[in-house]
Amino acid sequence: MSSFSVTEPSNRSKWIAGALVITYALITMIPLVWILLTGFKSPSDAISYPPKVVFEPTLEGYVNLFTTRTRQTQEFLEANPPQNWADEIVRQYDMVIVGPSKFGERFMNSVIIGFGSTFLSIFLGTLAAYAFSRFKVPLKDDLLFFILSTRMMPPVAVAIPIFLMFRNLGLSDTHLGMILLYTGVNISLAVWLLKGFIDEIPREYEEAALIDGYTRFQAFYKVVLPQAATGIASTAIFCLIFAWNEYAFAVLLTSANAQTAPPFIPTIIGIGGLDWPAVAAGATIFLIPVMIFTILMRKHLLRGITFGAVRK
């Protein structure tokens, strides 16, 4: 028998560890805070040098993000007074709001494609992972490696074949085409992650359910899925992050109907070029859904990362 002693860290060690964690968190949050602040700057303050930390906040960036504007003559401006606070903001540039921008539509495309591909990846990945984990699949190791190899391939290597295939099938610039594409890319990650989680679930649970009269599908649905919920949640987060941030395929395969926010945000042009406050405002809003989804799943994510780390 060997005895183990656990040394309680000293208060000094705790303070040093806490200080390092807080310092690291603050450093990593600086870019996000800067983007958030830039969204409330005027165009001149956004490009000023040295950069302004103290400035007069304005909603001009958000107005430019959600509206389409046009320049008008002084006679027209005098004959048509501002209707609301957004009109007053654009009037300082002798412009009027003529309608909404395309950001809302592009944002909803990201929601549909991102969450749709994530759901499909998790659904198919869970079934495939269960099959690889529980059944004797011929050439299982070779198939698993082939699935993983699709994740190693750089997007530019398959960009032209996918473009030609989508054009011939009529899937270019469609929600269905982008959902299927992102699902094909994400399913390798889903299968490998979920297989590891399902491998950690004891087979005895399913065997007991089968003895009690459950079918194989009922045992999978009522026994395995609840046990693998943490792994499914953590895998869904990683799949959503990829689909949400993907840029290369979105630029190549979409232009109008199914264009997502990442390729649209950099094209926001202001009076003197790129409208940095509007770009920062769009990036801030674009972060919110993934941030909310991750916060809601944070407990499952933590449990999923540490799942199987301690064995009895």
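Helices α6 and α9 pack at an angle of about 40°, with their axes 6 Å apart. The two helices are therefore oblique to each other, since about 40° falls between the ranges for roughly parallel and roughly perpendicular. The model is a predicted one. Helix α6 spans residues 103–134, and α9 spans residues 175–199. The points below cover the packing of α6 with other helices, the nonpolar cores and a few individual residues.

**Packing of α6 with α9**

- The crossing of α6 with α9 is right-handed.
- By class, this contact holds 18 nonpolar, 10 polar and three charged residues.
- N186 is part of helix α9, and its relative accessibility of 0% makes N186 a buried residue.
- Beyond residues up to four places away in sequence, N186 touches S121, R151, C239, F242 and A243.

**Packing of α6 with α15**

- Helix α15 covers residues 276–296 and packs against α6 at an angle of about 25°, the axes being 12 Å apart.
- Because angles under 35 degrees count as roughly parallel, α6 is roughly parallel to α15.
- The crossing of these two helices is right-handed.
- On the α6 side the contact is made by F103, F107, S110 and F115, and on the α15 side by G282, I285, F286, P289 and F293.
- Seven of these residues are nonpolar and two are polar, with no charged residues in the contact.

**Packing of α6 with α11**

- Between α6 and α11 the angle is about 105°, and the axes lie 13 Å apart.
- This pair is therefore roughly perpendicular, as angles of 65 to 115 degrees count as such.
- T126, L127 and Y130 of α6 meet R216, F220, V224 and L225 of α11.
- The contact of α6 with α11 has five nonpolar residues, one polar residue and one charged residue.

**Nonpolar cores**

- In soluble globular proteins, nonpolar side chains tend to be buried together.
- Here the largest nonpolar core has 32 residues, and L65 and F103 have the most contacts inside it.
- Seven helices are listed as each supplying at least two residues of this core: α3 (60–66), α6, α9, α11 (216–227), α12 (229–245), α14 (261–264) and α15.
- Helix α15 gives the largest share of this core, with seven residues.
- F103 touches L65, F66, F264, I265, G282 and I285, leaving aside residues up to four places away in sequence.
- A second core, separate from the largest one, has 13 residues, among them L181, Y182, A250 and A258.

**Backbone features in loops**

- Y49 and P50 are joined by a cis peptide bond, with omega about 0°.
- P50 sits in the loop between α2 (43–46) and α3.
- D94 is not a glycine, yet its phi is positive, at about 60°.
- The loop that holds D94 runs between α5 (85–91) and β2 (95–100).
- With a relative accessible area of 29%, D94 is partly exposed.
- D173 also has a positive phi of about 60° without being a glycine.
- D173 belongs to the loop between α8 (155–169) and α9.
- The relative accessible area of D173 is 12%, so D173 is buried, the cut-off for buried being under 20%.

Terms used. Residues numbered from 1 in each chain as written. Predicted model: local features only at pLDDT ≥ 70, side-chain atom pairs only at ≥ 80, totals over all residues. Heavy atoms only, no water. Axes fitted to C-alpha atoms, helices over the stretch in contact; angles between N-to-C directions. Helix = DSSP H or I, 4+ residues; strand = E, 2+ residues; numbered from the N terminus. Parallel < 35°, antiparallel > 145°, perpendicular 65-115°, else oblique. Left-handed = near helix turned anticlockwise from the far one by under 90°. Contact = heavy atoms within 4.5 Å. Nonpolar A, V, L, I, M, F, W, Y, C, P; charged D, E, K, R; others polar. Core = buried A, V, L, I, M, F, W, Y, C linked by side-chain atoms within 4.5 Å. Buried < 20%, exposed > 50% of the residue type's maximum accessible area, 1.4 Å probe, protein only.
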